[in-house]
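Here is a friendly walk through one protein model, written for someone meeting it for the first time. Have a look at the picture, then read on.

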Amino acid sequence: GVVWRQIHVMSADPKALKAAIKEGGKKGVELAGCADMGGLEFFTTQIESAEGDLELLQAAMDAANKEVDPADEEAKGGSGEVGKMLLSSGNAQLGLLCYVPASKLEKCNASEWMKATLSVVNGEFVSGDDKSARGVSKADGNSNRFPLKDKDACQAASVNWLKGKGLFPQANDDDDDWVPSEDAGVEW
């Protein structure tokens, strides 16, 4: 499926694509490591290099999920068994992409997860099924909507939805540096 993938993402800038794949690959290793250590099965995390672009987010997701190649100098990917919500904010929009591995479909539905996350910012559900879903929240200066701000709101909403489903261990909140705490005193 590699050839098809390359054709599929041709519309993205090659440099941006390379950066997103690299970031996704690194993120995959991190998430797989966290999952092994802490038993976390679902993560909400950012892919900065995708800049809100859903195609770049998909490339990053593919890179995060691909099998680790032992021949690679640095490990990349390996988190295919970890459910994840990737968020990326750009100037024009916040892009969201979630993925649920087949082994976890009984616990979590990707489209439900996406819709719950988007609901806090009235974002747009682009497409999805039980395994993966895409969404966006468009920037709108008139209504005071900014992707960066929406990203924080969606990050918290995603984590809260997972907590509500019992899919996010409550005990080690302190270790999760990518979860903004509710009482961080951030005023918008």
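How many bridges pair S3 with strand S5, and in which sense do the two strands run? Seven bridges join S3 to S5 (residues 132-138), and the pairing is antiparallel. Keep in mind that this is a predicted model.

## The sheet

Let's step back to see where those two strands sit. They belong to an open sheet of five strands, ordered S1-S2-S3-S5-S4, with mixed pairing. At the edges are strand S1 (42-46) and S4, each of which pairs on one side only. On average, neighbouring strands of this sheet are turned by 15° against each other, with direction ignored.

In general, the strands of a sheet pair through backbone hydrogen bonds, in either a parallel or an antiparallel way. Here are three of the pairings in this sheet.

| Strands | Sense | Bridges |
|---|---|---|
| S2 (residues 83-89) and S3 | antiparallel | six |
| S3 and S5 (residues 132-138) | antiparallel | seven |
| S4 (residues 124-128) and S5 | antiparallel | four |

Two hairpins turn up here as well. One takes the chain from S2 to S3 through three residues, and S4 and S5 form a hairpin with three residues between them.

You can also follow the pairing residue by residue. Starting on the S3 side, Gln 93 stands opposite Lys 138 in S5. Leu 94 has Ser 137 as its bridge partner in S5, and Leu 94 also stands opposite Ser 89. Leu 96 of the sheet faces Gly 135 in S5. Over on S4, Glu 124 stands opposite Val 136 in S5.

Is S3 enclosed or open? Seven of the seven residues of S3 (residues 93-99) are buried, so the strand is largely enclosed by the rest of the structure. Both of its faces are covered: Gln 93, Gly 95, Leu 97 and Tyr 99 are buried on one side, and Leu 94, Leu 96 and Cys 98 are buried on the other. S5 is mostly covered too, with five of its seven residues buried.

## Helices on the sheet

Now for the helices. H2 lies across S1 and S2, and runs at about 145° to S1. H3 packs on the sheet, where it touches S2, S3, S4 and S5, and its direction makes about 30° with that of S3.

How does the length of H3 check out? Helix H3 (residues 54-65) has 12 residues, which at 1.5 Å a residue should span 16 Å; the end C-alpha atoms are 16 Å apart, so the two agree. At the start of H3, a side-chain oxygen of Asp 53 reaches to within 2.7 Å of the backbone nitrogen of Glu 55.

H3 has plenty of cover as well. Since 10 of its 12 residues are buried, H3 is largely enclosed by the rest of the structure. Among the buried ones are Leu 54, Gln 58, Met 61 and Asn 65.

H2 and H3 also meet each other. The axes of helix H2 (residues 14-38) and H3 come within 7 Å and cross at roughly 40°, and the crossing is right-handed. On the H2 side, the contact is made by Ala 16, Leu 17, Ala 20, Ile 21, Gly 24, Gly 25 and Gly 28, while H3 brings Leu 56, Ala 59, Ala 60, Ala 63 and Ala 64.

## A look around Thr 117

Let's finish with one residue. Thr 117 sits in helix H4 (residues 110-119). Is Thr 117 buried or exposed? Its relative accessible area is 0%, so Thr 117 counts as buried.

A polar atom of the Thr 117 side chain lies 2.8 Å from the backbone oxygen of Trp 113. In general, an α-helix has 3.6 residues a turn, so residues three or four places apart point the same way.

Leaving aside neighbours within four places in sequence, Thr 117 is in contact with Met 85, Leu 96, Cys 154, Ala 157 and Ser 158.

Helix H5 (residues 147-164) holds two further residues to look at, and one of them is Ala 156. The C-alpha atoms of Ala 156 and Thr 117 are separated by 8.3 Å, with their positions 39 residues apart along the chain. Asn 160 also lies in H5, and its C-alpha atom is 8.8 Å from that of Thr 117. At 22% relative accessibility, Ala 156 counts as partly exposed, and so does Asn 160, at 37%.

Key:
Residues numbered from 1 in each chain as written. Predicted model: local features only at pLDDT ≥ 70, side-chain atom pairs only at ≥ 80, totals over all residues. Heavy atoms only, no water. Expected span 1.5 Å × (residues − 1). Buried < 20%, exposed > 50% of the residue type's maximum accessible area, 1.4 Å probe, protein only. Polar contact = N/O pair within 3.5 Å; in protein donor to acceptor, adjacent residues only side chain to side chain. Pairing = 2+ DSSP bridges. Contact = heavy atoms within 4.5 Å. Axes fitted to C-alpha atoms, helices over the stretch in contact; angles between N-to-C directions. Left-handed = near helix turned anticlockwise from the far one by under 90°.
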